[in-house]
Structure formats: structure tokens, C-alpha cells
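I opened the model to go through its parts one by one. These are my notes, in the order in which I looked things up.

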Amino acid sequence: MLTDDPLNPREILLAVEIVSPSNPENDYEAKSRDYPAMGIAHYLILDPRDGTWTYQWGIDTCGGRPGYGNRLHKQPYGTPLAIATELGTWKLDTSDLPRYSRKDMMLGQDPG
């Protein structure tokens with residue numbers, strides 16, 4: 001992004017969010033509502049807490065408000081991912097994506 005000006009969300013093809021350990025609902029709920037309402041056609045959520053990804057695409061308004069019509073939910077890291085857009089298909093290898101540690105998630109030391 002070569003500008004300091006605000007972006008037009010309808011020009012964003014894909015939003016990618018990495019779930020924070022402290023506020024996952026923001027990514028799974030709020031942004032899953034906000035992004036299709038802004039016209040962002042593809043949304044990928046990477047969740048280092050449990051090593052999964054969720055991909056949503058295809059804005060649909062049949063429920064009265066914009067939402068994603070398609071969803072692959074909680075796929076484990078390592079599961080192939082292809083995102084088809086008007087610019088082509090992007091393939092993402094999720095096998096080596098990092099996971100949060102117990103300390104990152106403020107869980108303390110592993111009891112075992």
C-alpha cells in the first residue's frame with residue numbers, strides 16, 4: 001500500500017486476520033459481519049491458539065444484510081488452502097505457520 005490515505009474497502013480483495021489470544025471474538029464475529037458489509041469479498045482467519053484457519057468468501061445478502069455465503073471453518077494448519085479471486089488463485093501452505101505458546105495465551109506452564 002503506497003498511500004497514507006484511507007483505502008477503499010471495496011478495492012481490498014482479501015483481509016487476513018491473526019486471532020489474538022485475548023480477543024478472538026473480534027475476528028470470528030465482529031469482523032465476519034463488518035468485512036462483507038464493507039465489500040471485502042474474501043476473509044481468512046489464522047488462529048495460532050489452536051492451529052486452525054477459517055476462510056469465508058462470496059458476499060451474500062439473502063439474510064437481509066451482507067454476509068459471507070461460503071465458509072471453511074476451523075481447518076487444521078497443513079490443510080491445503082486455495083483462494084480464487086479475479087486476480088487469480090492464491091495458494092497458501094499453512095503447514096509451518098506458528099502457534100501461540102501457553103505463555104502467549106497467558107495459561108502458565110504446561111502441568112505435564
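**Entry 1. Threonine 89.** The model is a predicted one. I began with the contacts of threonine 89: leaving out residues up to four places away in sequence, I found Ala82, Ile83 and Ala84. Threonine 89 sits in strand S6, which covers residues 88–92. I then looked up its accessibility, which is 48% in relative terms, so threonine 89 counts as partly exposed.

**Entry 2. Overall layout.** I stepped back to the whole chain. The secondary structure amounts to one helix and six strands. Read from the N terminus, the order of elements is β-α-β-β-β-β-β. The C-alpha trace spans about 50 × 35 × 25 Å along its principal axes. The protein has 112 residues, and 30% of them are buried. For contacts with a separation of 6 or more, I noted that 52% are between residues 24 or more positions apart.

**Entry 3. Surface and charge.** The exposed area of the protein is about 7300 Å², and 51% of it comes from carbon and sulfur atoms. I have 11 positive and 16 negative charges, with their mean positions 6 Å apart.

**Entry 4. Salt bridges at lysine 31.** How many salt bridges does the structure hold? I find five. I took the pair of glutamate 17 and lysine 31, whose closest N and O atoms are 3.1 Å apart. This pair links distant parts of the chain: glutamate 17 belongs to strand S1 (residues 14–18) and lysine 31 to helix H1 (residues 24–38), with their positions 14 residues apart. Are the two partners buried or exposed? Glutamate 17 has a relative accessible area of 15%, so I list it as buried. Lysine 31 has 18% and is therefore buried too, the cut-off being under 20%.

Lysine 31 also forms a salt bridge with aspartate 27, at 3.4 Å from N to O. Why are these two residues about one helical turn apart? They are separated by about one turn because they lie four residues apart in helix H1. I checked burial for this pair as well, and both lysine 31 and aspartate 27 are buried.

**Entry 5. Aspartate 47 and lysine 74.** I moved on to the salt bridge between aspartate 47 and lysine 74, in which the closest N and O atoms are 3.1 Å apart. Aspartate 47 is in strand S2 (residues 42–47) and lysine 74 in strand S4 (residues 67–76), so the bridge ties together parts 27 residues apart in sequence. The two ends do not have equal cover: aspartate 47 is at 0% relative accessibility and counts as buried, whereas lysine 74 is at 27% and counts as partly exposed. Following shared partners, I arrived at one network of salt bridges that joins Asp47, Arg49, Asp50 and Lys74.

I also looked at the backbone of lysine 74. Its phi is positive, about 55°, although lysine 74 is not a glycine.

**Entry 6. Nonpolar cores.** In soluble globular proteins, nonpolar side chains tend to be buried together. Which residues form the largest nonpolar core? I count eight: Ala15, Val19, Tyr28, Tyr35, Ile40, Tyr43, Ile45 and Tyr68. H1 and S2 are the elements that give two or more residues to this core. Another core lies apart from it and has seven residues, including Leu46, Trp53, Tyr55 and Tyr77.

I listed the contacts of isoleucine 40, setting aside neighbours within four places in sequence. They are Pro9, Ile12, Leu14, Ala15, Tyr35, Ile59 and Tyr68.

**Entry 7. Isoleucine 45.** Isoleucine 45, one of the eight residues of the largest core, is in strand S2. Its relative accessible area is 0%, so it is buried. With neighbours within four places left out, isoleucine 45 is in contact with Glu17, Val19, Asp27, Tyr28, Ser32, Thr52, Trp53, Thr54 and Gln56. Among these contacts are Glu17 and Asp27, and I had already noted that glutamate 17 and aspartate 27 each form a salt bridge with lysine 31. I also looked up the distance from isoleucine 45 to lysine 31: their C-alpha atoms are 9.9 Å apart, with their positions 14 residues apart along the chain.

Methods. Residues numbered from 1 in each chain as written. Predicted model: local features only at pLDDT ≥ 70, side-chain atom pairs only at ≥ 80, totals over all residues. Heavy atoms only, no water. Salt bridge = Lys/Arg side-chain N within 4 Å of Asp/Glu carboxyl O. Buried < 20%, exposed > 50% of the residue type's maximum accessible area, 1.4 Å probe, protein only. Core = buried A, V, L, I, M, F, W, Y, C linked by side-chain atoms within 4.5 Å. Contact = heavy atoms within 4.5 Å. Areas by Shrake-Rupley, 256 points an atom, 1.4 Å probe, with all protein chains shown as cover. Lys, Arg positive; Asp, Glu negative; His and termini not counted. Charge placed at Lys NZ, Arg CZ, Asp CG, Glu CD.
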